[in-house]
Amino acid sequence: MRAAILHAVGNDKLDIRDDVTLAPVGPADVRVRIRATGVCHSDLSAMTGVLPQPVPLILGHEGAGEVVEVGEHVTSVKPGDHVVISWRPACQECELCVGGQPFLCMKYVIESFSKGNFRLGDGTTVFGMAGCGTWAEEIVVPWQGAIKIDEDVSWEAAALIGCGITTGVGAALNTAKVRPGSTVAVVGCGGVGLSVIQGARVSGARTILAVDPLESKHELARKVGATHAVTPDQAADALNELTGGGGFDYAFEVVGKSATIQNTWKLARQGGDVIIVGAGAMDDMVSISAFSLLFEGKNLLSSLYGEADVRHDFPYFAKLHKTGLLDLESMISARIRLTDLNDAVAALKGGEVLRQIVLMD
């Protein structure tokens, strides 16, 4: 089968080849034929080493497809089912899972660094990003990583739910629990940032400020729910105008940089919530004064994968989309083929595109 392979961290080009095979399906595994997969900024971060991954690596973690084979112990799905891939499958047995934080479960994350489910023609083991590797025509994942959804959800929409939508909408609904009538600022208007905006809109926020240096993204931010859109150098004036100088109830950072985290901190009101959604580098340190941490009363929160329980949230977000409450079509910049992935990565680096969706033949 075909797949796009990164041979070394730092490489600019992917090796798109057709001699890739899958490891056998284990008793608790599911084999999925990928129908659509997104080109996410996290894939670029894996290529550059910001998000550490083993190599050689098949990138891709935001995907959806059709079940073609299940292990003998799998009862959650069957061949023919439509599924969304979860890049953070929860074992459903550890303290984190049973305690209501399945998005923090590390069982399969740890396994993915030592277990490669792909092989090249010469027998070389190849890993899948986050244990997935959706930039391949087929993948094998634990049954917990294949979540069934309704068949009338398009493959493109289902793929977006696998990462960007769940991460962003979940940050607003699950982590921040945005209240109706509240004020929200979202710093970074890529695919995940736009999803945060949509989550804030669904929650009933009265004011949603989108902050992004690229003015080309402002119109789309407004289309999906932002009431106002500004560049970073205009954010302080917008704060004064929209909140009377008090600051926003919720401020979301969706970039993953220490500088933007510190700027986002300044946008929140006293006692407000600052929610970190962007995935940053391990050596990028954030500096906030101890005095400010205590006396401003702000809450610094992280939102990994939208704090989702994907068993509930994937089908729920699909229903919101089907009823028109989540606009997923507007977030797709282009529909491409697997052979276009090098061009897609280059476009992603440019910063102008949102989500490019790879449609498998």
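Analyst: Two strands count as a pair if DSSP finds at least two bridges between them; the elements themselves are DSSP runs numbered from the N terminus, with helices being H or I of at least four residues and strands E of at least two. Heads-up, this is a predicted model: local features need pLDDT of at least 70, side-chain atom pairs count only at pLDDT 80 or more, and totals for chains, interfaces and linings use all residues. Residues are numbered from 1 along each chain as its sequence is written, and side-chain values use heavy atoms, with hydrogens and water left out.

User: OK, which residue in strand 17 stands opposite I275?

Analyst: Strand 16 (residues 268–276) runs parallel to strand 17, and four bridges join them. The residue across from I275 in strand 17 is L301.

User: Which are the edge strands of the open sheet with parallel pairing?

Analyst: That sheet has six strands in the order 14-13-12-15-16-17. Each edge strand pairs on one side only, and they are strand 14 (228–230) and strand 17.

User: By what angle are neighbouring strands of this sheet turned against each other on average?

Analyst: Axes here are lines fitted to C-alpha atoms (for helices, over the stretch in contact), and angles run from 0 to 180 degrees between N-to-C directions. For this average the direction is ignored, and the value comes out at 20°.

User: Helix 4 lies across strand 15, strand 16 and strand 17; at what angle does it run to strand 15?

Analyst: Helix 4 takes in residues 155–176, and strand 15 covers 248–253. Contact means heavy atoms within 4.5 Å. Against strand 15, helix 4 runs at about 130°.

User: How does helix 4 sit against helix 5, parallel or oblique?

Analyst: Helix 4 packs against helix 5 (residues 191–203) at an angle of about 40°, with the axes 7 Å apart. Angles under 35 degrees count as roughly parallel, over 145 as roughly antiparallel, 65 to 115 as roughly perpendicular and the rest as oblique. That makes helix 4, relative to helix 5, oblique.

User: How many nonpolar, polar and charged residues are in the contact of helix 4 with helix 5?

Analyst: Helix 4 brings residues including G164, I165 and L173, and helix 5 residues including V192, G199 and S203. Ala, Val, Leu, Ile, Met, Phe, Trp, Tyr, Cys and Pro count as nonpolar, Asp, Glu, Lys and Arg as charged, and the others, Gly among them, as polar. The split is eight nonpolar, six polar and no charged.

User: And helix 4 with helix 10: how many residues of each class does that contact have?

Analyst: These two pack at about 95° with axes 9 Å apart, and are therefore roughly perpendicular to each other. Helix 4 uses residues including I161, I165 and V169 to meet, among others, F314, F317 and H321 of helix 10. By class, the contact has nine nonpolar, five polar and one charged.

User: How many residues apart in sequence are the parts that W87 and Y305 tie together?

Analyst: The whole structure has three aromatic pairs; rings of Phe, Tyr and Trp (its six-membered ring) pair if their centres lie within 6.5 Å, and planes under 30 degrees apart count as stacked, over 60 as edge-to-face and the rest as tilted. W87 and Y305 are stacked, at 4.3 Å centre to centre and 25° between the planes. W87 lies in the loop between strand 7 (82–85) and helix 2 (95–98), and Y305 in the loop between strand 17 (299–302) and helix 10 (310–322), so the separation is 218 residues.

User: What is the phi of Y305?

Analyst: Y305 isn't a glycine, yet its phi is positive. It sits in the loop between strand 17 and helix 10, and the phi value is about 55°.

User: Which strands stand at the edges of the sheet with mixed pairing?

Analyst: This one is an open sheet of six strands in the order 2-1-5-9-8-3. Two of its strands have a single partner each, so one side of each is left without a neighbour in the sheet: strand 2 (15–17) and strand 3 (21–22).

User: What is the bridge partner of R31 in strand 6?

Analyst: Strand 4 (residues 29–39) and strand 6 (residues 63–70) run antiparallel, joined by seven bridges. Within strand 6, the partner of R31 is E69.

User: Last one: what is the omega of the peptide bond from V55 to P56?

Analyst: P56 lies in the loop between helix 1 (41–48) and strand 5 (57–58). The bond from V55 to P56 is cis, with omega near -5°.
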